[in-house]
Amino acid sequence: MKTTTSNTEMGSNEEDQNFATIPAKLDPTTTTTTPLLSHPYPNPGTGTGTGTGTGYLHITYNQGPRPFQDIPFLFLFLLLVCSTFSFGIFSVFHRNSSYSSLSSFSYSSSSSSCVSSASSSLSLPLSSSFLLPLILVLLLSSFLSLPISFSLLLLLRHYPKHLVYTTLPFLFLLPIFFNLYWFVSCTLSSTCTHAFPLGYRILLLVFFFLIIGLVVWIFIVNWHRVDLTIRIIAVASDALSRNLGLFGVLPFMSLLLLVYYVPIVMFLVYARQNGSIVPKESDGGYTCVWKQDSWVPAYFALALLTMLWSFTVSIEAQLYLISGTIAQWYFSKEEDAPPRRIRSSLRKDHQTPIFKRRNAFGPSSGTICLSGLLNFIVRIVRAVVDSTKSEDAPGFVNVVLRCCVNTFLSIVDFVNKFTIGFAAITGESYCASSRMTYELLRRNLLSAAFVETISTRLLGGIVFVLSAIYAIVVCAILKGASSIGVDSYYLSVLAWAILMLVLGFFVHVLDNVIDTVYVCYAIDRDRGEVCKQDVHEVYVGLPLSRNSRLSLASHDVRV
């Protein structure tokens, strides 16, 4: 182990320049020192992503000032936004007020034009008795989803094994119950029986049971990995509980996106009113129709492009914030306050001597815009591919092409997720962060996929069980306390959807925390140091990829 020991000693000479604390040396009895991101290098130095003399990437956490990266994409995004707002303001002042009274215009033969003849009024329908239970379900579900989410976080942090092993049986029992319940209810209902013949009901019942059996088989095959996944989720829950401010900042960013959308939507409404009412000959007579200005369709395309790109930029900015905050927690002193970590991940913080210029809306804003652009393109291509399914395009080749395209897009999403995380940790450009991602996945694809896939599926199962139990309770209360009949089922589904949405957001954040902690652990292993001993004790159990096994074997032979 001479090579590993020398690397560890050299890496500790300059650790005060790159880390907020002095990490502990690796204990060879508890974890191997084989790097995850690159081969052992002679001197870690102070770089954040540059090459070394051996030609391998030198990846480390950058806590110093960061240069601006990928600025052209930031300028392109700002140009798009400014153009959208500029033409939108023009559409407001250039609109035709006669658009709203188009139905009152008629053709006048004397003037050969359309003139206003009468006015029309609209009447809105009144709400029914269904409105009060609907409002109560919306308010109570939205209010209760917050304590349920925090309770879930505490349970995952302190009692993860108890929670998982308690909810796993319900993951199979609840679908079985729902499958039998709808079958029996439909059989007892004369209306459903006539609309849905018995043969089709039995076929659908068997189909759902086959899906449930497939899920059971997947969990049985991966049962030996559940225990390690539980420990990984517990570590990530502990990291997230130490940065609870994320649950305030991330929803606030989503709210800002909605506020940002309001004027654009208003501009689109006013843009439709740019045109004129002109006569059109039809069936030997003339009718008055609305003719839009020629620039309106182009503005619609511009505004929709801006909104979609802004949406993906918001997603990448949230991912950047999560990765940056968790990375600062991982590499910082325990007494550093979480608000300081979150604040330094968002913007420049000159009052913070340790973390400077670590922001998503500063040096790395161009990188976020580029990542959002790629995410936007992936979503557009996936939507185009999915649209071909509805066209019933025949041929086996088309099916294979769709599968290949969807697989490629999933790979791009997978790589992009790690890339923006590396950008948040190192402050490098998107291309440099992509190279780091390639190095990580090339050497450790199996462990990265393990972290990404198994934990996400397990958390999704827990969320489904909790939401289903909540929906059953809501349905029972509505059945006993109201007389809305079959509408209680619709309100129960609505309550289930609200809780699934909130808990799904929680799982999304926790899933990103798991990925970030894994990357930080890989950087630690790459430097031969330990910043969080409890993290190393868990993540060292991840399966090694083929390249890592070969590297470890050749290293042992040299020793």
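**Notebook: helices, rings and confidence**

I began with helix H7, residues 198–221, in this predicted model. At 1.5 Å a residue, its 24 residues should span 34 Å, and I found the end C-alpha atoms 35 Å apart, so the two figures agree. I then looked up which H7 residues are buried, and noted Arg 201, Leu 205, Ile 212 and Phe 219.

Next I went through the aromatic rings. I counted 17 aromatic pairs in the structure. One that I looked at is formed by Phe 77 and Trp 309, with the ring centres 5.2 Å apart and 80° between the planes. I entered this pair as edge-to-face, since planes over 60 degrees apart count that way. What does the pair tie together? Phe 77 belongs to helix H3 (residues 71–93) and Trp 309 to helix H10 (residues 296–331), so the pair links parts that lie 232 residues apart in sequence.

I also checked whether these two residues are buried or exposed. Phe 77 has 12% relative accessibility and therefore counts as buried, the cut-off being under 20%. Trp 309, at 3%, counts as buried as well.

I looked for rings joined into a cluster and found one that holds Phe 85, Tyr 260, Tyr 261 and Phe 267, linked by ring pairs.

Which rings does Lys 532 lie over? I found Lys 532 over the face of Trp 329, at 5.0 Å from the ring centre. Lys 532 also lies over the face of Tyr 330, where I noted 5.7 Å from the ring centre.

I turned to Asp 515, which sits in helix H15 (residues 487–527). Its relative accessibility is 6%, so I entered Asp 515 as buried. What does its side chain contact? I found a polar contact of 3.1 Å between the side chains of Asp 515 and Lys 417.

Last, I went over the confidence. The protein averages a pLDDT of 74, and 69% of the residues score at least 70. Among the elements, H3 has the highest mean pLDDT, 91, and helix H2 (residues 15–18) the lowest, 39. Residues 1–35 have a pLDDT below 50, and I noted 81 contacts in the model for this stretch beyond near neighbours in sequence. Residues 119–127 also stay under 50, and there I noted 2 contacts beyond four places in sequence. Where pLDDT is low, predicted coordinates should not be read in detail. I therefore left the detail of such stretches unread.

How values were computed
Residues numbered from 1 in each chain as written. Heavy atoms only, no water. Phe/Tyr/Trp six-rings, centres within 6.5 Å; stacked < 30°, edge-to-face > 60°. Helix = DSSP H or I, 4+ residues; strand = E, 2+ residues; numbered from the N terminus. Buried < 20%, exposed > 50% of the residue type's maximum accessible area, 1.4 Å probe, protein only. Lys NZ or Arg CZ within 6 Å of the ring centre and 35° of its normal. pLDDT = per-residue confidence, 0-100. Contact = heavy atoms within 4.5 Å. Polar contact = N/O pair within 3.5 Å; in protein donor to acceptor, adjacent residues only side chain to side chain. Expected span 1.5 Å × (residues − 1).
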